[in-house]
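Trainee: I have a model open and would like to learn how to read its features. Could you walk me through it?

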Amino acid sequence: MASSTTLSSCSEIPMDKETREEIVASDKKRKSSGEKLFITDDEEASSSHSQILNSPTGKKSSPMREDSVPEEDRGGDTSDGSALSCVKKCDDEEKVTEEDERLNLELTRAFDDISVATTGSEEDKLWNGNNISNLEKSENDDVLHRTMENVLGSGGSLNTSMISEEEGLDGGINAIWKGQKRHVFILSESGKPIFSRHGNEEKLVTLFGVMQALVSFVQDSGDSIRSIRMGGTIVVFFLKAPLILVCVSNLGESVAQIQTQLMYVYNQIVSVLTLKQLLQIFEKRRNYDLRRLLSGSERLLYNLCNLVESDPSFILGAVRCLPLATSVRDTISTTISQTLSKLKQDVVFAILLANNQLVSLVRMKKCFMHPMDLHIIINFIDASESFKTAEIWSPLCLPRFDATGFVHAHVSYLSDECQACLVLLTVNRDSFHALSEAKHRIVERLKRHNCLEAIIASMNNNWPTMSFVNVPEVRHFLYKNRSIAQFMAPALEAPYINGSSSLPDLNSTTGNENSFQNLSISSISSSSTCAGGTGAPHYLPPDLSEELQRLYSKYYRIHSRLHDRSRPVSLIYWVDDTENWLGWLTSTFELYVTFEPLVKKSAAINAINKLRKWVKKEEDRIFIMNSPTF
Amino acid sequence: MEANGQNTTRSAQIKELYVFNSKFGNDTDNEMGKVLYCYPGDTTHPDTQLKEIGLCEAIVKFAQTFNSKEPCDSLHTLKLRHVYYQPEDGYWFILVLSVPSVVKSSPDGVECVEYLDDQIQDTVFHAILKRLYEKFVLLNDKFETMVQEIGLVELRTRLKKCYDIWVQRIDVNQSGIADIFRGLQFLPLSRDAFLRVQCFINHLVVSWPQIKHVVLLQREKLIWSGVDQSHIQLLYDYLVNDLLSQHFLSGVDKQSTFGVIMKRESHLTLGSSSSSTLTQFQPPGSITNSRSQSLNASQSEDDDNASFITASSSHTINGQKMSSKFHMLIYKAEQTYLTILIPGSSTFDRQYISKIEGFLNLNFTSIARDLSKVYRLSSGSGLSNGMDNQSGVKYIYFNNLNFAEKICPGYQCDLEAYKLLTDLKQDLSKMNENGEIITKMVSDNWLVAKVSNKREFYAIFNHKNSNLLEIDEEMRKLTEDHLRNIFFQE
């Protein structure tokens with residue numbers, strides 16, 4: 001439909017008549033043809049989704065299963081003496097039961113593997129830190145109990161007077177904390193603090209207690225709490241046993257959007273522990289302090305919270321691709337696929353990322369990558385600065401692919417010059433050396449075909465700019481191809497970025513690298529301060545310019561109208577004091593456009609048709625249209 | 001409840017309404033003391049009441065942790081919606097609504113309930129609560145004042161008397177953007193006619209200095225208001241929807257003669273800022289019947305320009321705001337209603353009323369006769385009737401400056417579209433003073449929402465095959481036809 005060139009242009013936009021059923025139907029077709037890169041969220045909505053998701057894992061369950069019972073096996077085969085003894089000592093001091101200790105040991109294996117990534121000195125610091133903070137946590141358990149009793153009152157009814165009188169509530173709460181635009185809290189169902197985006201969760205113990213009390217109070221009447229609104233602030237509760245996730249936002253997102261964001265956060269935790277372990281821990285000990293297991297991976301949560309705010313791909317449920325000529329991309333994919341298929345190392349996915357954008361994804365036949373999983377991987381890479389200096393071998397759970405077990409990730413950057421990151425995911429836990437070798441072979445071949453240069457060029461290129469797209473009425477846009485769950489956006493330009501600060505520009509290599517470097521550094525140092533029990537870990541929230549925040553907020557607003565559950569609209573044209581906006585949802589694409597403020601509607605519509613033609617023309621470059629397999 | 005194939009839908013309902021203040025009933029023996037009103041009072045167990053209030057208190061405190069500037073509006077749970085409203089310090093309303101749901105049963109008998117949270121719009125029910133409160137204050141007094149003057153017991157009695165009836169009148173499922181506006185309908189008059197009305201009213205006020213305010217209505221349309229801006233909306237709503245609609249507007253035949261229709265003592269409190277300055281919009285008519293009521297309009301003598309202070313913000317001020325009571329007289333001639341407010345402090349007896357009636361008999365009836373002609377003309381050429389319905393356009397116009405409202409009948413016919421208007425209003429209000437949204441629903445209806453210069457215009461176009469530009473053009477025509485004199489920023 002994009003190709004209809006006789007543009008009585010205005011008639012183009014409103015003409016699409018396809019209903020939602022058709023969307024689903026068309027997606028199903030695509031799905032069955034097996035040509036897709038991802039399983040999209042649209043498909044998820046369709047009822048047949050579970051079968052589709054399950055069938056690939058089910059079929060190849062034999063290699064997966066072996067690996068997805070990691071606890072027992074892992075306890076035996078890896079040996080990292082120092083880390084182990086640390087944990088043991090610490091546990092003795094806590095006088096936990098034997099069973100708990102065993103559980104703890106098993107679970108820390110998972111963490112050990114991740115922490116291989118960090119350099120030795122960092123690792124020591126982290127571990128020492130954990131011991132100390134674990135001790136403190138155990139002391140805090142009692143405090144928590146006491147506050148919980150206070151808050152809940154003896155009879156389990158809400159005792160509100162305690163909420164205000166409890167000095168603890170004010171302990172971690174000050175003006176700066178209150179002024180934050182967005183909070184994310186994670187707690188266990190029994191009210192144990194697990195994570196707070198801002199501030200030290202230890203000092204917010206009472207607040208966590210109140211949240212838990214509210215949840216269980218409403219639960220007692222057979223209901224479940226969803227959200228609280230006060231003016232421009234919204235508090236969203238996301239109950240996902242065994243965890244409670246809470247987001248407080250002043251940014252004007254819809255409840256559904258915030259729930260999606262919290263789903264990502266939840267998936268991030270699952271990806272560290274696997275769902276199976278997460279459930280087991282709390283089955284065995286409702287009161288378990290999950291921070292013990294997550295320590296070391298806080299950086300992932302902080303980074304994810306930042307990404308979710310500053311990158312529209314999370315709300316769109318789509319992935320951005322690094323623009324590349326089809327021939328180059330094909331060469332890359334073929335190289336990866338050929339090298340790995342010879343290897344027979346049960347590689348499920350091979351993913352090449354650059355600047356958080358997808359360069360290539362090669363998958364095993366019948367295995368699909370959900371965009372949500374890919375975002376977890378992107379966050380994993382993005383949050384870990386140390387990956388740049390070494391090859392990493394780490395277990396990783398992809399919640400949508402298989403929430404019960406780990407796959408193993410071989411992560412490495414292509415070269416010092418070419419900061420693209422190759423992630424090889426396998427079910428075979430002994431493949432490190434084989435994959436490491438394969439990676440070198442891949443890099444060599446890519447060098448021979450001049451692919452590295454092409455990637456570097458594209459990473460630095462900031463392509464496409466709006467002047468290249470050449471639709472003068474349009475300032476910025478997002479285009480999502482719904483069938484392949486990919487989207488593209490042009491490079492940000494004024495007024496949405498402040499001249500020198502290039503941080504918010506997702507395309508800008510240097511800006512991003514720097515900012516994330518800073519974040520990582522602060523994460524490490526904050527972990528050690530946390531160990532001392534003083535400061536809370538502080539990740540700087542993404543420094544979006546006000547204008548960019550406004551741009552994204554408006555896109556999100558429009559997105560929520562297009563995807564509203566009860567009253568969805570298919571087209572929205574919005575005029576305000578600063579810009580004109582358009583949101584358009586069809587069966588094949590989603591389009592969000594920002595126009596110059598004084599544009600006439602007829603001109604805007606012409607511009608959109610021009611824009612769509614441009615996208616069509618460049619489609620092969622900005623999207624990955626095919627999905628190579630091993 | 002309607003059975004729909006395999007799906008059963010349950011519509012939204014008012015489950016409970018509470019008015020409470022935590023400062024009462026602090027001691028453990030008398031916890032129920034904090035409950036000032038509960039609907040349905042007979043069937044709601046005290047424990048349930050206390051639980052609900054406890055939850056509200058907890059939520060409000062919790063919410064303050066994150067936003068201490070704005071009050072807590074609502075709590076959404078899967079099955080219920082709790083809307084909160086605090087009109088006076090410490091006095092809270094809680095409206096508990098059941099979320100509409102669809103029970104879907106699959107062929108193998110598994111039932112799954114889907115709750116349609118979005119069907120209930122917070123802003124609408126917030127407005128409804130506000131109206132409930134304001135109307136109570138109009139007829140009685142502010143909560144705190146009443147507690148001080150006549151005591152808690154009496155306050156409880158009166159709350160029960162009013163709200164037991166009012167709550168049942170709320171139509172949960174039809175509520176929407178019109179409940180937020182609560183606008184006034186004006187009767188447009190020619191310059192001559194308006195001057196006549198103005199002369200008459202000035203004459204009236206000068207001859208009878210006790211008369212503080214005059215409000216003139218032609219059927220449900222407002223011609224003249226001498227009541228302060230901030231109160232006319234409320235008084236108008238009360239006159240048209242409570243008093244006149246039941247007994248007068250429809251029932252009394254046009255030719256009925258002069259006489260006292262009703263005389264009763266009650267207390268109307270009009271917030272805090274009315275003054276004797278006449279805010280005039282448009283002109284008047286004549287009398288037949290008279291009604292006397294004592295209105296207790298709390299009126300501050302000294303702040304003429306304090307208008308737009310809402311009741312909730314002014315109530316904390318102690319003795320400063322004098323609340324003088326008003327007697328209300330309503331006279332009817334033809335279909336014209338003359339409402340006169342006389343301060344309750346002035347002596348006021350049958351004899352006095354007779355004198356006024358004598359005056360009105362001479363002056364009011366003829367004006368009323370002329371006005372009824374105007375009304376017939378204006379409603380004949382109506383904004384909305386006939387042609388709009390055929391062309392499939394429904395619209396609502398509201399002016400925030402004078403509360404003027406134009407609504408075309410049948411605007412609720414497509415409930416989904418009607419509710420979407422409230423969403424769009426919210427989207428627009430978040431931003432700036434001016435804005436426009438044109439949107440196409442999945443059902444192929446087009447909606448336009450436009451805000452400019454404090455004026456709001458909403459239209460629903462039932463034009464299936466139109467495109468954006470055609471709708472834009474239609475919109476231009478529509479505003480030209482009906483709102484010629486109103487400037488809309490493009």
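Mentor: Gladly. Let us begin with a term: a residue counts as buried when its relative accessible area is under 20%. Keep in mind that this is a predicted model. A case to try the term on is the pair B:Asp423 and A:Arg567, both of which are buried.

Trainee: Where do B:Asp423 and A:Arg567 lie, and what joins them?

Mentor: The general idea is that side chains of opposite charge can pair when their charged atoms come close. Here, B:Asp423 forms a salt bridge with A:Arg567, and their closest N and O atoms are 2.9 Å apart. The pair crosses between chains: B:Asp423 sits in helix α11 of chain B, while A:Arg567 belongs to the loop between α25 and β14 (569–575) of chain A.

Trainee: How many salt bridges are there across the interface of chain B and chain A, and how many over all chains?

Mentor: The interface has seven, and a search of the whole structure gives 43 over all chains.

Trainee: How should I read the rest of that interface?

Mentor: Start with area, then ask which residues supply it. Chain B and chain A bury about 5200 Å² between them, with 59% of that on carbon and sulfur atoms. On the chain B side, B:Phe62, B:Phe66 and B:Lys440 supply 14% of the area buried against chain A, more than any other three residues. The contact involves 60 residues from chain B and 56 residues from chain A. There are also 29 residue pairs in polar contact between the two chains.

Trainee: Which elements of chain B give two or more residues to the side that touches chain A?

Mentor: They are α1 (46–66), β5 (74–77), β9 (111–115), α11 (415–430), β18 (435–441) and α12 (468–482). Of these, α1(B) gives the most, with twelve residues. By residue type, the chain B side divides into 23 nonpolar, 17 polar and 20 charged.

Trainee: Can you show me one residue of chain A that meets chain B?

Mentor: Take A:Arg557, in helix α25 (residues 546–562) of chain A. Leaving out residues up to four places away in sequence, A:Arg557 touches A:Gly252, A:Trp574, B:Asp427 and B:Lys430.

Trainee: Why does A:Arg557 count as buried?

Mentor: Because its relative accessibility is 13%, and the cut-off is under 20%.

Trainee: Let us turn to chain B itself. What should I look at there?

Mentor: Begin with the overall make-up. Chain B has twelve helices and 20 strands, and 57% of its 490 residues count as buried. Chain B exposes about 20400 Å², of which carbon and sulfur atoms supply 50%. Then look at sequence separation: among contacts in chain B with a separation of 6 or more, residues 24 or more positions apart account for 69%.

Trainee: What does a contact between distant parts of the sequence look like for one residue?

Mentor: Try B:Thr422, in helix α11 of chain B. B:Thr422 and B:Ile177 are 245 residues apart in sequence, yet their C-alpha atoms are 5.3 Å apart in space. Apart from its neighbours within four places in sequence, B:Thr422 is in contact with B:Gln121, B:Thr123, B:Val124, B:Gly176, B:Ile177 and B:Ile180. B:Thr422 counts as buried because its relative accessibility is 1%.

Trainee: And which salt bridges within chain B are worth a look?

Mentor: One runs between B:Arg182 and B:Glu134, with the closest N and O atoms 3.1 Å apart. B:Arg182 lies in the loop between α5 (177–181) and α6 (191–207), and B:Glu134 in helix α2 (residues 122–139), so the pair ties together parts that are 48 residues apart in sequence. Both B:Arg182 and B:Glu134 are buried.

Another joins B:Glu436 to B:Lys450, with the closest N and O atoms 3.6 Å apart. B:Glu436 is in strand β18 and B:Lys450 in strand β19 (residues 446–452), so this pair ties together parts that are 14 residues apart in sequence.

Trainee: Are B:Glu436 and B:Lys450 buried or exposed?

Mentor: B:Glu436 is buried, with a relative accessible area of 7%, and B:Lys450 is buried at 7% relative accessibility.

Trainee: Which residues does the network around B:Glu436 and B:Lys450 join?

Mentor: Through shared partners, salt bridges join A:Lys601, B:Glu436, B:Lys450, B:Asp472, B:Glu473 and B:Arg476 into one network.

Terms used
Residues numbered from 1 in each chain as written. Chains lettered and ligands numbered in written order. Predicted model: local features only at pLDDT ≥ 70, side-chain atom pairs only at ≥ 80, totals over all residues. Heavy atoms only, no water. Helix = DSSP H or I, 4+ residues; strand = E, 2+ residues; numbered from the N terminus. Buried < 20%, exposed > 50% of the residue type's maximum accessible area, 1.4 Å probe, protein only. Contact = heavy atoms within 4.5 Å. Areas by Shrake-Rupley, 256 points an atom, 1.4 Å probe, with all protein chains shown as cover. Buried area = accessible area lost by both parts, 1.4 Å probe. Salt bridge = Lys/Arg side-chain N within 4 Å of Asp/Glu carboxyl O. Polar contact = N/O pair within 3.5 Å; in protein donor to acceptor, adjacent residues only side chain to side chain. Nonpolar A, V, L, I, M, F, W, Y, C, P; charged D, E, K, R; others polar.
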